[in-house]
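User: I should like to learn how to read a protein model, beginning with the fold as a whole and ending with a single strand. May we work through one together?

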Amino acid sequence: MKVLVITTWFPGDHNPSEAPFNLDHVRALQHAGHTVRVLHIRLSNDRSREVGFDQARSAVWQGVPVRRMFLSPYRPFSAMLNQLTLFREMAWPDLIHTMAFSSILAVMVPWLARCTTAREPAWVHTEHWTGALDPASVSPLWKSLSWLRRVYVLPHQVTGVGKALVEAIRPFARPGAVTVVPCVVRCVEGPSEPRFGSPVKLVAVGAVAQRKRPFAAIDTIEWLHERGLAAQLTWVGDGPLRLACQKRLGEKGLEHSVRFVGAVQPDQVPMYLQAADLFLLPSSHETFFASAAEAIGAGRGVVICRLPGLGDFLTEENSILVEDASAETLGTAVLEASSRFRNVEAKHMASSIRQNYSIEAVSAQFSSVYRAALARA
């Protein structure tokens, strides 16, 4: 089947670590035997040209054919031309597959135009965005505009990466059209056993941004040290708070206990997970929490905050969920996790992730969704 993936989030030279979950879903579609092209629409101003976005720019990114274009509110004529490009692109596929809420808004006008003037392609949408589940977590403005979720009625089938996200979308979509298709989780082949030596080694994977609460993680390491437990944290990822975090480390004398390694390629993340004993990330907003799932898939227990929408893959055998992000709460959970997961075999901890979130499992689920969408179109 010919599939045109249209998304406002996709990695590239401009940002290799952007939305790896979308790239993984595209690879799942390829694994199922579909011919896939990606149309990446960057919603931005003209500065997007500085990182290689252009209406005529096409390339291959890690084996995926990708066309890059941008929509700018400051260039309405260009935006109209891009809408025409979308209309023409929809003549090629058997099915269009949008990913991320803003992608629906970007394609709905040309899709509706094609419905009335030409062949209507089947439409599947996949949602990862926490704003669809909990609008208040994004901003007061989005909370007041969250009625826009009614556009979920346009696609023939809608998938969400978790059960709670699906339940939040269901009232806005077509009857019987919403189902769960999770993120693909990269699992380590033959995961090594954690050592739980001294120091206890912790790892976090995510943006160094406010929503991930890096200062809370730093304060947790300090709390553990004050109670006599040697602990080290490696943070994999980059973001706007990195310099502020490094300044905080200097003030607390923790430069040798917390390390920020910056952004890495997705295939390098397992190396950092395997080098750690536990995963610690006190994030305040998540939908699927792919990095926590990857940690469990590497045989590492996780310490995270209890959040709306989480729970599909989290059990007492692989995670400790805390109610707040204070240093005492997180530190106490790390101590408990060190005791609880010390004797849990890594392969056993990873087994449920490998079974339910592999590329094979996800590709099979998408194929089922595609059949349902074609039947509805």
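Analyst: Certainly. In this predicted model, strand 13 offers a good entry point: its residue Ile 304 is the bridge partner of Leu 281. We shall return to that pairing after the overall view.

User: How many helices and strands are there in the protein?

Analyst: The protein contains 13 helices and 14 strands.

User: What radius of gyration would a compact globule with 377 residues have, and what does the protein have?

Analyst: For 377 residues, the expectation for a compact globule is near 21 Å; the protein has 22 Å, and therefore agrees with it. Along its principal axes, the C-alpha trace spans about 70 × 40 × 40 Å.

User: What share of the residues counts as buried?

Analyst: The cut-off for buried is under 20% relative accessible area. Of the 377 residues, 53% count as buried.

User: Which residues of strand 12 are buried on its two faces?

Analyst: Strand 12 comprises residues 278–281 and is covered on both faces. Leu 278 and Leu 280 are buried on one side, and Phe 279 and Leu 281 are buried on the other.

User: In which sense does strand 12 pair with strand 9, and how many bridges join strand 12 to strand 13?

Analyst: Strand 9 (residues 200–205) pairs with strand 12 in the parallel sense over 2 bridges, and Leu 202 has Leu 278 as its bridge partner. Strand 13 (residues 301–305) also runs parallel to strand 12, with 4 bridges joining them. The pairing of Leu 281 with Ile 304 belongs here.

Methods:
Residues are numbered from 1 along each chain as its sequence is written. This is a predicted model: local features need pLDDT of at least 70, side-chain atom pairs count only at pLDDT 80 or more; totals for chains, interfaces and linings use all residues. Side-chain values use heavy atoms; hydrogens and water are left out. The radius of gyration is taken over C-alpha atoms; the globule rule is 2.2 Å times the number of residues to the power 0.38. Buried means under 20% relative accessible area, exposed over 50%, partly exposed in between (1.4 Å probe, protein chains only). Two strands pair if DSSP finds at least two bridges between them.
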